[in-house]
Amino acid sequence: MDNREAINEIIEIGRLIFERKYVVANDGNISIRMNNRIFISAAGACKGRLTEKSIVSVNIDGEYSPSSFHPTSEINIHLAIYRNRHKIGAIIHAHPPYATSFAVAGIAIPVKILPEAFLTLKNIVLVNYGTPTTQELFKSIEPYLSNSNVFLLANHGTLTSGKTLWEAFYNLEILENTAQVYHLAISLGNVNTLSNRQLNKLKLISSKLKKVRSQK
Ligand SMILES: [Zn+2]
């Protein structure tokens, strides 16, 4: 993927997260790491209407050309994650309503209720509140960085990452869907969790599928 494709991908994912109401107004931010540059959405930009100009190219220290727009005010958390997790290639911060409602309620979302959540998300970490744009937010995530790509930020929203931007988006989409299903199951009065036997079977099937895919 070249830089232009990376920018186009941010524009496309921005539109998707806006249309799905994972962000409203100018909420949220998106970035992709390309070698030693990071492309990140500009401060105040509506994610549904991003253009090439509203994607800022910064280095790992957050420096950017004086002629470009300012990057998102949450840039420091993106940079800190890229510095700490070398395999992470993209990050999305959003405020999807179901997942965020659990973050506001201070209730963790279990992954062992749906096969996709268990296999794809693996671990949803609910972290303490940190004031947006400050180091507090990164400090709350830092201890769990190596365990998860999926975070619920208390009284704030979500942060998902992946090797690619599509992976970060799928993590966000599965997270929000799991939160919605969990919310509805709670309102029905019962939540069944998958048993260890069922989970082990899932792991087995998933590793077999991975092997088949890697042989192709
Ligand atoms: Zn936010």
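User: Two residues are in contact if their C-beta atoms, placed from the backbone, lie within 7 Å. Of the contacts in the chain with a separation of 6 or more, what percentage is accounted for by residues 24 or more positions apart?

Analyst: This is a predicted model: local features need pLDDT of at least 70, side-chain atom pairs count only at pLDDT 80 or more, and totals for chains, interfaces and linings use all residues. Residues are numbered from 1 along each chain as its sequence is written. For the contacts in question, the share from residues 24 or more positions apart is 63%.

User: How many helices and strands does the secondary structure of the chain comprise?

Analyst: Helices (H or I, at least four residues) and strands (E, at least two) are DSSP runs, numbered from the N terminus. Along the sequence they follow the pattern α-β-β-β-α-β-α-α-β-α-β-β-α-α. The total is seven helices and seven strands.

User: What is the radius of gyration of the chain?

Analyst: Along the principal axes, the C-alpha atoms fill a box of roughly 55 × 45 × 30 Å. For a compact globule, the rule is 2.2 Å times the number of residues to the power 0.38, with the radius taken over C-alpha atoms. With 216 residues this predicts a value near 17 Å, which agrees with the radius of the chain, 18 Å.

User: What is the average twist from one strand to the next in the sheet?

Analyst: The seven strands form an open sheet with mixed pairing, in the order β3-β2-β1-β4-β7-β6-β5. Its edge strands are β3 and β5 (124–127), each of which pairs on one side only. From one strand to the next, the twist averages 15°.

User: What angle does the direction of helix α2 make with that of β2?

Analyst: Helix α2 (residues 75–84) packs on the sheet and touches β1, β2, β3, β4 (90–94) and β7 (157–162). Axes are lines fitted to C-alpha atoms, for helices over the stretch in contact, and angles run from 0 to 180 degrees between N-to-C directions. On that basis, α2 and β2 make an angle of about 150°.

User: Which residue in β3 stands opposite Phe39?

Analyst: Strands pair if DSSP finds at least two bridges between them. Strand β2 (residues 37–41) is joined antiparallel to β1 (residues 29–34) by four bridges, with Phe39 as the bridge partner of Ile32. Four bridges also join β2 to the antiparallel strand β3 (residues 55–58), where Val56 is the bridge partner of Ile40. Opposite Phe39 in β3 stands Ser57.

User: How many of the six residues of β7 are buried?

Analyst: A residue is buried if 20 or more other C-beta atoms lie within 10 Å of its own, exposed if 12 or fewer, and partly exposed in between. Strand β7 is joined antiparallel to β4 by five bridges and to β6 by four; Leu159 of β7 stands opposite His93 and is the bridge partner of Phe151. Strand β7 is largely enclosed by the rest of the structure, because its count of buried residues is six of the six.

User: Which residue in the turn between β6 and β7 has a positive phi?

Analyst: In the hairpin of β1 and β2, with two residues between the strands, Asn35 takes a positive phi near 50°. The hairpin of β6 and β7 has three residues between its strands, and a positive phi of about 50° belongs to Asn155.

User: Which residues does Phe169 touch, not counting residues up to four places away in sequence?

Analyst: Phe169 lies in helix α6 and counts as buried because it has 23 C-beta neighbours inside 10 Å. Its C-alpha atom is 8.2 Å from that of Ile17, although the two are 152 residues apart along the chain. With that exclusion, Phe169 touches Ile13, Leu16 and Ile92.

User: What arc do the buried residues of helix α3 cover around its axis?

Analyst: The covering of the buried residues of α3 includes β5, β6, β7 and α6. In α3 (residues 97–105), the buried residues are Ala99, Thr100, Phe102 and Ala103. They lie on the same side of the helix, because the arc, taken from the directions from the helix axis to the C-beta atoms, is only 155°.

User: What is the count of buried residues in helix α7?

Analyst: Helix α7 (residues 196–215) reaches 29 Å from its first C-alpha to its last, close to the expected 28 Å. The expected span is 1.5 Å times one less than the number of residues. The helix is hardly covered: among its 20 residues, the buried count is zero.
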